[in-house]
Every structure is written in structure tokens, then in C-alpha cells.
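Please read the following walk through a protein model with the coordinates open beside it, moving from charged contacts to backbone geometry and then to aromatic rings.

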Amino acid sequence: GAWRRPLTICCLTKLVLLLTSAEDLDCTPGFQQKVFHINQPAEFIEDQSILNLTFSDCKGNNKLRYEVSNPYFKVNSDGGLVALRNITAVGRTLFIHARTPHAEDMAELVIVGGKDIQGSLQDIFKFARTSPVPRQKRSLVVSPILIPENQRQPFPRDVGKVVDSDRPEGSKFRLTGKGVDQEPKGIFRINENTGSVSVTRSLDREMIATYQLFVETTDVNGRTLEGPVPLEVIVIDQNDNRPIFREGPYVGHVMEGSPTGTTVMRMTAIDADDPATDNALLRYNIRQQTPDKPSPNMFYIDPEKGDIVTVVSPALLDRETLENPKYELIIEAQDMAGLDVGLTGTATATIMIDDKNDHSPKFTKKEFQATVEEGAVGVIVNLTVEDKDDPTTGAWRAAYTIINGNPGQSFEIHTNPQTNEGMLSVVKPLDYEISAFHTLLIKVENEDPLVPDVSYGPSSTATVHITVLDVNEGPVFYPDPMMVTRQENISVGSVLLTVNATDPDSLQHQTIRYSVYKDPAGWLNINPINGTVDTTAVLDRESPFVHNSVYTALFLAIDSGDPPATGTGTLLITLEDVNDNAPFIYPTVAEVCDDAKNLSVVILGASDKDLHPNTDPFKFEIHKQTVPDKVWKISKINNTHALVSLLQNLNKANYNLPIMVTDSGKPPMTNITDLRVQVCSCKNSKVDCNAAGALHASVPALLLLCLFSLACKLA
């Protein structure tokens, strides 16, 4: 259809109440008149009054400010609206915004006959983004609707009106968009006949700050005649959110002695209200300080930034003189730039006064005394120190050093981590006869270095006097162990050695007696006076009490002290081998089949308890005086094994074959052992030795056993 006259939406804004008290009940804050109509003049004249506005916040209008949607107009302090210069075209509508810390309101001036111009209400009133008011030339033009949040009943209430004086008969207005026919649905609606826009419930700017709606006119059949034209609904912020500290706990640290003005930490609160308004403009202050010593104002907080800084002199910020090195500050954040009408939120800031190493450790006394028995080890004295610094830091923890009097490294000192004391210990036994007194010089320092203007003084060193107590020490054998070498089988009564033990207590002139302590085989005797050791039995290298040819015995040396002290000495006797053991053969039983084609009977091995050269090579022979010739044969395989075989088959029976084996000792030793050979009947893979005896093992099995023994011997 043809273009109609421009469509105008008049904003009927409502009052935003910031504070209501009992005394304000008879006063309604805001403009007394909210909508004005004037005819478009030929020209607006500079400084000529256009109309008078009356605004009251019911609190005296302190800090009242006006803003006009057109920058060429202003409102004087008396409420008069004037032009700043001569101007003709200003548009169809002017909006006047009044604000104090207690209330704000909007008035509208409708210029009848005025022409549309481009303008942005959001720019004028400092909203966060640009209004989508159409800028192109067209007949359907709208302006934003401003609605305060948190309005109370009754609902619905009119917030604006669409006016078209030249629309066709029967045409209707239609409103669409989020908040109308899209979620959240039903918040706004329009009277299709009159064009009145209404809101159906209270709005929350922190949930939705703006609504983007669309207005159009339709015919009786619902077809669009004009539009849709964007309509932005802007929710005016109310101060309905307190500042909140979200990042706690808040803990700051400052070094003791820090200069005045040292920044400790920053406190930051957030306010969900409109950041472009004073509703979210925060100011910080300290409400309470605990403890309040040595000054109730130890710290200051920047009201705008929230930085907490020290305000006392470095001398007052001395951790060692403070009642408590931890301060707790109640920090308050208040919106409305800190005005009394602002909402508040609080948080606790904990400030720790950190220690620095400005006190050196000092011994509680210059000299310490200690006593220790000779021969003992362990802690002998605890050295105590004082340090005023923080016990949880390296500025308090002590480190001790022995700087003199410890050439033999007999002493060590360590720090007790619980008490900070120096634990002086003997780590190498002391000898009274060498030195009965020791004097040590000890120094103490901190783990952390001292601050530059502090140093270690004379109190950081101490002297320790140590007295060694004489103890009756046991005699000492020298050498220990004692070692001798003898042939086994020496005659009984042979002298092995004379032991030597001395008494360390040289100043006591004590006598020493000897005795046998451990003699597993019972072979030895010791003279209690002079310590001579002789044999009481034959020494046998092959005895189970001898290990690797060495026999071990222990002797005691006992002094004449009261009570007597005892020392122990070890005697190691290395026994040389003598050819005193004849060799023996294995196995001593064998089997063979009476019809065997392989006439090998068994492989014999020989062993000897003696050592080389009194063992192999062994000589194997058949004791021929008792065995008929041309029946048996023995053949050498190696130094330790030989093969016994038949020269002809024998009848089923048991045979005893005397084997003579001789070792290589000088003189050699010989042993004769009967080899029992069972000749068995072997039919159909069955071996029958019943007639020959009780053995059941086959000849091949015995041969295999002998071969295995041979292999082990060779290995």
C-alpha cells in the first residue's frame, strides 16, 4: 500500500525509586508532568525558554542532573528547557532524563509537525550499545521504550503507544519478537486498535537488559500494510544488587619492616547492576581491624581500586613486638559511589606479617658441661639457644657447627627439629687413658641469611667442656684374629701358639687370666696364666667342624677388676692335608643280562676326602687272587673313573668282584671294595633277577647312572 504518515511511539517511562523511607510516603519522586506537546516552531531560538520541567526526588534534589536526547538543548537549574543555538529541525521527540542519587525519571516532549531525524537515545544516556533505531528514510519510525526494572503491581501497565492518525479503517497493530510470541512469551503486548504497548509483569535487568521487538500494521486479513519496524525495549537499572566478594578467602602477606605505602593485596567485589550507572560504581573502606594494636589504622584501602597498603612506619611493623602477626580486616564495598544510599557487601581480608631474619640466634649461656664414659657413643648434651624470629621459618631454625676441638672427628652436632636445640654426640668412642678432658667451640647460625644490618655476635658461640669417665675395659687380644697353620694329625699336646692380650686400663695395673670360650671339636687347651695354646686331641682336616680347611676357636681374657672385664679373641687354625683317607668306589652294585651282546657291566667312580695331590689320579684293579682269570676286565676311562666289563656271558647268578683302588698320595693308600654283580634273565624286554637276588634295575639303567656320574666328575 501507499506510505502512511510516520508512525510514532511515545515512551511513557516510569519512576525508578532508589530509596523510600517513612517520611517520603506523601511525596512521589519524579517529574510532575511526564509528557509535553508543542507545535513545531519556525525556529528554536538560542536561550529562549521552551517549557519548564518540575522534578523532585523527595530528598532535596541533591546532585540533580539533566540530560537531553538532543545535544543542542539543555535544562537549566530552574528546570527551563532551552536551545543552545538557533535550530530548526530537531525531530519529532525530545527525551529529558533527570537523575539524583535517590531517584531518576524520564520526560517526553512531543513536537507536533516535527520531521524525523536520526538519533540514538542509548548514545545520549550512555547505554552500553547502539540502539537499532532505523536510520533509513521511511514512513514507519520508532524510538526505544525505557522501563524501570522491579516495578510492582498492578499489571499490565502501559509503557508506550503507537500512533498512526492516517491508518486505514479496520487496520490493526501487531507486535512480535522475544518477549511477545517468542520465549520468554507474554511479557509485552499491544492493543491492536489503539496501539498502546503494555508490560504484563515485573522485569529484571540482570536477566534480560533489552528486548528486540517488531511493530507492524496489518489489514483485516492479517496482511502486513507497513513494517515490521524494530522496537527496542530497554530495561532501566535499579540498584537491587549488593556488591559481592567472590574470590575469597582473601589472604595477603607483607614483610615486617616494610616501608609505609607497601601494597599488600587487592580486594575486588562485583556488582550485577548496570556498570554504566552508579548502581555498580563501588567504593571500598575498612570497617574493622583486629587486633587494633599497636595502631587501629595499620592499613589503608584505596577506595576505588581496592588496594590495601601499609600506613604505619616500618618500626611499628615489627613482627617480634606485635601482639599477633595476623590481622583481620573487615572490608566493605558500597555501590552508588559510596553514598549512604548505596548497598554494601563485606569480606574478611587476612594479612600475615611475614618474618625476616632480623634476629640472630643466641646461646642461653656461654659454657656448657658434659660427661661421658669412655667407650660410649650417643648424645651427651643439648645446647639451648634463643631466637625471636618465626619458629616456622628458616630465620628461626638453627644450624650448629663445631669450629674447634674436634681433630679426631669424635664429635658431631645436629639440630633437634622440634626444640631447635643442638644435640652434641660422641660418634667415635673416647679413651680415658688418652685424654680425660675435651673442649669444643660451637657456633650457631640460621638456615636463612641474616638481613644486611644484622650480624652474628659473641652470643652466637659457646664452649662445651667434656669430662671422660674411666671405665674398666676388657683386655684386648693382639692380633685379633690370631692365625696359625699346622698339619692335621699332629701329636696330642703340640703347642700351637701363645696368645697376647693387654689391658687398656694401663693405670690400674690389673692381671689377666685366659680361658677357652668356644672350641667346637674339643681339640684345644689354654694355659690360664701365660696363654699358651696346645692340642688335647688329633686335629682332623676332614672333621665337620672344619670349614675350608680352617678351624675356628674363641678365647677369653679376663682382668682382675671389680667387676672383672672380659675380652674375646679369635684363633683361626689352617690345617694342612695329610694322606690319611683311602679312596672309595661307587656304585657297589650292578646288573647284566645273561645273554647280553654288550658285555659292559658298570662304570665305576672313585672319591677321596683328602686334598690334591693325595687324591686322583686313581688306580683301579681287580683283586685277582680271588677271581678266575678271563672272566672280568677293568679299563681306565680317566683319572677318576673305570669301566668293568665281562669277557664272556655268565649264567644267571650273583657275583662278588673285589675292586682295589689306590690314590696318588705319598705314601699311597689303597681300599678294596666288593662290587656285587647280578646276572639276570632278560626275555621279551623283561628283566628277571629273582634267582640272582633282589635287585631289579636293568644293566642299561646302571650304565646310564654311571655315565651321568662320570660326566659330573669331568665337569
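**Charged pairs, backbone and rings**

The structure holds 18 salt bridges, and since this is a predicted model, each contact described here is a feature of that prediction. Side chains of opposite charge can pair when their charged atoms come close. A starting point is Glu-104, which forms a salt bridge with Arg-99, with 3.4 Å between the closest N and O atoms. Glu-104 has a relative accessible area of 5% and is therefore buried, because buried means under 20%.

Another salt bridge brings together the side chains of Arg-283 and Glu-304, at 3.7 Å from N to O. Arg-283 lies in strand E21 (residues 283-290), whereas Glu-304 lies in the loop between strand E22 (299-301) and strand E23 (307-310), so the pair ties together parts that are 21 residues apart in sequence. As for accessibility, Arg-283 is partly exposed, with a relative accessible area of 22%, while Glu-304, at 55% relative accessibility, counts as exposed.

The side chains of Glu-320 and Arg-319 also meet in a salt bridge, with an N to O distance of 3.7 Å, and here Arg-319 counts as buried, at 14% relative accessibility. Elsewhere, Arg-205, Glu-206 and Asp-237 are joined into one network by salt bridges that share partners.

The backbone can be examined next, beginning with its cis peptide bonds. One such bond joins Gly-227 and Pro-228, with omega at about 0°, and Pro-228 is found in strand E18 (residues 224-236). The peptide bond from His-612 to Pro-613 is cis as well, with omega near 15°, and Pro-613 is found in the loop between strand E46 (600-607) and strand E47 (619-622).

Which phi value does Met-336 have, although it is not a glycine? Met-336 has a positive phi of about 55°, and this residue is found in the loop between strand E24 (326-334) and strand E25 (344-354). Ala-337, which is not a glycine either, also has a positive phi of about 55°, and its place is in the loop between E24 and E25. Met-336 counts as buried at 5% relative accessibility, whereas Ala-337 is partly exposed, with a relative accessible area of 30%.

Aromatic side chains come next, and a search of the whole structure finds eleven aromatic pairs. Among them is the edge-to-face pair of Phe-31 and Phe-55, whose centres are 5.3 Å apart and whose planes are at 65° to each other. This pair links distant parts of the chain, with Phe-31 in strand E3 (residues 30-31) and Phe-55 in strand E6 (residues 55-56), 24 residues apart, and both Phe-31 and Phe-55 are buried.

Phe-188 and Tyr-211 form an edge-to-face pair too, with 5.0 Å from centre to centre and 75° between the planes. Phe-188 lies in strand E15 (residues 188-190) and Tyr-211 in strand E17 (residues 210-218), so this pair ties together parts that are 23 residues apart in sequence. Phe-188 and Tyr-211 are buried. Another group of rings is made up of Phe-245, Tyr-250 and Tyr-284, which form one aromatic cluster.

Finally, charge and ring can be considered together. The charged end of Arg-85 sits over the ring of Tyr-72, 4.2 Å from its centre, and the charged end of Arg-157 sits over the ring of Phe-155, at 5.3 Å from the centre of that ring.

Definitions and conventions:
Residues numbered from 1 in each chain as written. Predicted model: local features only at pLDDT ≥ 70, side-chain atom pairs only at ≥ 80, totals over all residues. Heavy atoms only, no water. Salt bridge = Lys/Arg side-chain N within 4 Å of Asp/Glu carboxyl O. Buried < 20%, exposed > 50% of the residue type's maximum accessible area, 1.4 Å probe, protein only. Helix = DSSP H or I, 4+ residues; strand = E, 2+ residues; numbered from the N terminus. Phe/Tyr/Trp six-rings, centres within 6.5 Å; stacked < 30°, edge-to-face > 60°. Lys NZ or Arg CZ within 6 Å of the ring centre and 35° of its normal.
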